[in-house]
Amino acid sequence: MHLDHDATARAAEPIGFDDFLKVDIRVGTVVEATVYEGARKPSYKLVIDFGPGIGRRKSIGQVAALYACEDLVGKQIAAVVNFPPRQIGKAMSECLTLGFGDEEGRITLFSPDTPVPNGARLA
């Protein structure tokens with residue numbers, strides 16, 4: 001689901017603040033990371049713990065270029081938790097893990113600089 005965007009492009013069309021508030025972006029801790037065999041681009045299956053309010057969700061992330069599975073376990077990352085589940089190949093993704101592409105298109109995960117409670121919402 002990653003889109004390639006030109007870092008020098010202008011901002012997207014304006015949206016209303018109420019529209020932004022509809023997107024529920026939360027922090028969770030990766031508790032499992034495994035290689036997703038058969039993906040078009042190197043990807044991992046992630047299980048992310050968003051705390052007691054949301055629980056654990058599965059996500060497919062195209063982050064294998066910069067991360068090893070063992071380095072992801074315990075890492076806090078941000079994800080959209082209120083999109084409907086999406087079929088990614090043979091797996092179901094229950095949240096959209098957020099990241100930014102570098103000059104080579106490798107995805108760097110979006111995560112807090114210091115620990116925050118699992119389930120904390122983007123403020």
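The following dialogue discusses the strands, the aromatic pairs and a surface patch of a predicted model.

Colleague: How should one read the strands of a sheet, and which order do the five strands take here?

Modeller: Strands of a sheet pair through backbone hydrogen bonds, in a parallel or an antiparallel manner. In this structure, five strands make an open sheet in the order β3-β2-β1-β4-β7, and the pairing is antiparallel. Strands β3 and β7 (96-97) lie at the edges with a single partner strand each, so one side of each has no neighbour in the sheet.

Colleague: Where do strands β1 and β4 lie in the sequence, and how many bridges join them?

Modeller: Strand β1 covers residues 25-35 and strand β4 residues 76-80; the two run antiparallel and are joined by five bridges. Within this pairing, V27 is opposite A78 in β4.

Colleague: What can be said of the pairing of β2 and β3, and of the hairpin that they form?

Modeller: Strand β2 (residues 44-49) pairs with strand β3 (residues 56-61) through six bridges, in the antiparallel sense. D49 faces R56 in β3. The hairpin has six residues between its strands, and among them G51 adopts a positive phi near 85°.

Colleague: How many aromatic pairs does the structure hold?

Modeller: There are two aromatic pairs. For F17 and F20, the ring centres are 6.0 Å apart and the planes stand at 35°; the pair is therefore tilted, as the angle falls between the limits of 30 and 60 degrees. These residues are three apart in helix α1, which means that about one helical turn separates them. F17 is exposed, at 58% relative accessible area, whereas F20 is partly exposed, at 38%. The other pair, F100 and F110, is edge-to-face, with 5.7 Å from centre to centre and 85° between the planes. This pair links distant parts of the chain: F100 belongs to strand β8 (residues 99-101), and F110, ten residues away, to the segment after β9 (107-109).

Colleague: Are F100 and F110 buried, partly exposed or exposed?

Modeller: F100 is exposed, because its relative accessibility of 55% is over the limit of 50%. F110 has a relative accessible area of 32% and is partly exposed.

Colleague: Which residues form the nonpolar patch on the surface?

Modeller: The patch consists of I15, F17, F20, L21, F100, F110 and L122, which together have about 720 Å² of accessible area. Helix α1 (residues 17-22) supplies the largest share, three residues. L21 lies in helix α1, and L21 is partly exposed at 42% relative accessibility.

Methods. Residues numbered from 1 in each chain as written. Predicted model: local features only at pLDDT ≥ 70, side-chain atom pairs only at ≥ 80, totals over all residues. Heavy atoms only, no water. Patch = residues over 30% accessible without salt bridge, like charges linked within 9 Å, V, L, I, M, F, W, Y side chains within 5 Å. Areas by Shrake-Rupley, 256 points an atom, 1.4 Å probe, with all protein chains shown as cover. Salt bridge = Lys/Arg side-chain N within 4 Å of Asp/Glu carboxyl O. Helix = DSSP H or I, 4+ residues; strand = E, 2+ residues; numbered from the N terminus. Buried < 20%, exposed > 50% of the residue type's maximum accessible area, 1.4 Å probe, protein only. Pairing = 2+ DSSP bridges. Phe/Tyr/Trp six-rings, centres within 6.5 Å; stacked < 30°, edge-to-face > 60°.
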